[in-house]
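Please follow the description below with the sequence and the coordinates open. It goes from the relation between chains to strand pairing, and then to a contact between two chains.

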Amino acid sequence: MPDRISSDLIANLLDGECVNRDIIVDNFSSLASANNRSVTFFNDVKYKDDLLKTKAALVILKKEHSNLFGGAAVYVDDPYLAFAKVASLFNKTKYFDHIHSSVVLGDNITLGSNVFIGPNVVLGQNVRIGDSCFIGANAFIGDDVSIGNNVDIHPNVYISNQVKIGNHCEFLSGAKIGTDGFGYAREKNKSWFKIPQTGSVVIGNNVDIGSNSTVDRGAIDNTVIEDGVKIDNLVQIGHNCLIGQNTIIAGCAGIAGSTKIGKNCMIGGAAMIKGHITIADDTIISGGTGIGKNIENPGKRFTNVFPYNLEHKDWLRIANNLKKMGKK
Amino acid sequence: MPDRISSDLIANLLDGECVNRDIIVDNFSSLASANNRSVTFFNDVKYKDDLLKTKAALVILKKEHSNLFGGAAVYVDDPYLAFAKVASLFNKTKYFDHIHSSVVLGDNITLGSNVFIGPNVVLGQNVRIGDSCFIGANAFIGDDVSIGNNVDIHPNVYISNQVKIGNHCEFLSGAKIGTDGFGYAREKNKSWFKIPQTGSVVIGNNVDIGSNSTVDRGAIDNTVIEDGVKIDNLVQIGHNCLIGQNTIIAGCAGIAGSTKIGKNCMIGGAAMIKGHITIADDTIISGGTGIGKNIENPGKRFTNVFPYNLEHKDWLRIANNLKKMGKK
Amino acid sequence: MPDRISSDLIANLLDGECVNRDIIVDNFSSLASANNRSVTFFNDVKYKDDLLKTKAALVILKKEHSNLFGGAAVYVDDPYLAFAKVASLFNKTKYFDHIHSSVVLGDNITLGSNVFIGPNVVLGQNVRIGDSCFIGANAFIGDDVSIGNNVDIHPNVYISNQVKIGNHCEFLSGAKIGTDGFGYAREKNKSWFKIPQTGSVVIGNNVDIGSNSTVDRGAIDNTVIEDGVKIDNLVQIGHNCLIGQNTIIAGCAGIAGSTKIGKNCMIGGAAMIKGHITIADDTIISGGTGIGKNIENPGKRFTNVFPYNLEHKDWLRIANNLKKMGKK
């Protein structure tokens, strides 16, 4: 958590080539809002004007762009990723052992070292929390929950009974993990009888879950979120889903129950994925797209939202023409 | 809440035919993960292999499938529903009278017997809670709220002033009931003036509402959720909606204000229903489908999402052709 | 906050014409549920029957409708807006200085006069709250947050560090303001590296944000919500968005990161707007519509949801015909 970093150290960290040595920076910034103590990055020629005008002390960029910039620079292959790594050096918060006096602890709690538990947190029975964890105010952790090391649980998060969480995870405010799945059998009189939801949720390492997102517990077996999965805000993961390693899911998407999503998939915002299907590895699903069938071949991209904007009056004409197609 | 159940008792409960008597089970499970003390079920020939390999002590299945399985069995008409009922025997939690010392109670609170109120719960004035209710940690219950018997309110739920709730309801973590509806009148300068939302929400018996779902209070009259309605996670119910008896609504769906939905409807995940319309009884709306007009005839199914997956490049061709339809 | 209001006072407030003087009302209501002490309004000839049968003491309506109603009336140009203003007279809650004993306060807190802070609220360091604010139970306010006057923060709301909020704002239960934006750079091994989110959220005056909605903090620069913006429930606003003055966004909509929306726009429920685009002033986006490109000309309306309901079997025929368009 340094206050000042040198260009040498940055080049070293990034395995990059340092053009000017002994430049000291104390903040990270965009090109446009940089000051003469900032490190920033340049990745896209669209921002060439910003590069020319930047006041930054140090710019991280590709060597192929070296002709565009005469100032102090570090050359790397992927400036965006490199910048993220430098920025994260400035942004580390260190938590320290502190259990607020208002915390309610069940029996048989095991806490690692350097654990912070904020006001009004409630922990159930048989909870195990690893080292260097942060549990924000008003969070709830149920019975028999196990949490690894370096996990950040923000305020107002709910973790239900028996949920298992790996290391280096982060759950943003309002995320709900392990609430009951949505399973009902229909009676003859058309009322619904709830299926007990007695599986749980198993979450790997390096998993992030966004604000107000919900991950249902399994009906009998578990819902599984593998290592490296990143989930944005207001996403719903149904019961007994499996989300494969390093898959990323943008905001407002919904994955219905028992669907298995492969590794390294990219699922756009507000995408809707049906239940009980399988999606191959490396699939890309565009934002807003509905997926209703298995995807068997890996590495393909699927879309069904319009690639242009439709004015209301033009759309009405299209819709009228489509309607005719529906006639027998 | 038994620990062990006999096959006779199960057959009796289900009004089913018991092939082998005196089988004792102590857990319920899927076919694949059953052990020799499990009861499980078989409903779909798709899982025939699992049936052949199951280690379960007892299988609930249809009599027409009796030739597929030689082990201990109970025959019923609807194995899924039957299994749900057996499973629920194992899954009963009994709450007992306990009001945590941190609970904040307003004036004139009436509590039934066997009520559990967890840490940091806040109750307003004139709250009435029936028998055998559970109010989880960090929940908030406003003024003049009335709650029936056997209601489970999970942690971090918010119930606003004047909301009325029947018996045997369950609200999952983060559900918000009775927040203000979204009503504004536009000023000449294009700013918005808020319409006071002074109706409330009336919820019948056997209603379940999912995690982080929101049910708005009415503007003047009430929002109404009838008996037996089941609502999944991240669903929005606008002000002055009426959701008819036994209608089920899957995750991420949104119903805009003043819409009246009939009885026994099935609304798929991420369906979007316009405001101020009426939907007939027994309507089925597929997941992701938008409904913008009244549905007058009961028992029909509506869909407007693709029944196949579209690769990005194929969709671009379709979209280009559609665009031409929009030209005058 | 009067209990009784006279027709003269209402006419005066509304700059309307009062047909009958000295009528006293003590509640506001719809036409249908009015009693003989109610003020109500009539705006739409669709409700003519309700007008004829109403028991209201006083009706607010357009002068052009005066022939439809013989009772006590106030004539105005916009009865709905006028009614909202009258109704709001009855609906004012006055908060008074009260900090509950369970509140956890950080160092260097500045509170205005008439501030109510409910049970279990947690405030960080260097928080500034103006006059006549309400902070509901179990809310969390982070470090360095500044809140203006007349702000209502309902129970279970989360306001993260450094968020700035103007005057006359209202955040409904479960809203999360300033949680981390969703930004990751991809490593060569396909895992994701989180970009620190060190911008914040700046919110103007007269902004309302609905229940369980989420507004992400900016990556480096701020997310900005301008004066008069109204946001419904379960809406996601991505990092570094700018939402222009008096724009209104209905429930379940999602705006992806870095998108700039103009002033006075109307965005329907469940609309999905791509990241990194610009939307002109006075744009109308229909509910459920996806927008993937810049909108450059102001005042236009965009739609891509069907203007009719499609029965499942008819849609399958349309979809089959569309599929053919996708073949090379």
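The model is predicted. Begin with chains B and C. Chain C is superposed on chain B by a rotation of 120 degrees, with 0.0 Å of shift along the axis and an RMSD of 0.1 Å. The two copies are therefore related as by a three-fold rotation axis.

Next, turn to chain A and its strand E21, which covers residues 176-179. Strand E18 of chain A, residues 158-159, pairs with E21(A) in the parallel sense, and two bridges join them. Strand E26 of chain A, residues 214-216, also pairs with E21(A) in the parallel sense, here over three bridges. Lys176(A) can be used to trace both pairings. Opposite Lys176(A) in E21(A) stands Tyr158(A), while in E26(A) the bridge partner of Lys176(A) is Thr214(A).

E21(A) also leads to the contact between chains A and B. This contact takes 55 residues from chain A and 55 residues from chain B. On the side of chain A that touches chain B, the elements giving two or more residues are E21, strand E22 (184-186), strand E23 (192-194), strand E38 (290-291), strand E39 (301-302) and helix H4 (312-325) of chain A. H4(A) gives the most to this side, with five residues.

The makeup of that side can also be read by class. The side of chain A that touches chain B has 24 nonpolar residues, 18 polar residues and 13 charged residues.

Methods: Residues are numbered from 1 along each chain as its sequence is written. Chains are lettered from A and ligands numbered from 1 in the order in which they are written. This is a predicted model: local features need pLDDT of at least 70, side-chain atom pairs count only at pLDDT 80 or more; totals for chains, interfaces and linings use all residues. Copies are superposed by least squares on the C-alpha atoms of residues with pLDDT of at least 70 in both. Two strands pair if DSSP finds at least two bridges between them. Helices (H or I, at least four residues) and strands (E, at least two) are DSSP runs, numbered from the N terminus. Two residues are in contact if their C-beta atoms, placed from the backbone, lie within 7 Å. Ala, Val, Leu, Ile, Met, Phe, Trp, Tyr, Cys and Pro count as nonpolar, Asp, Glu, Lys and Arg as charged, and the others, Gly among them, as polar.
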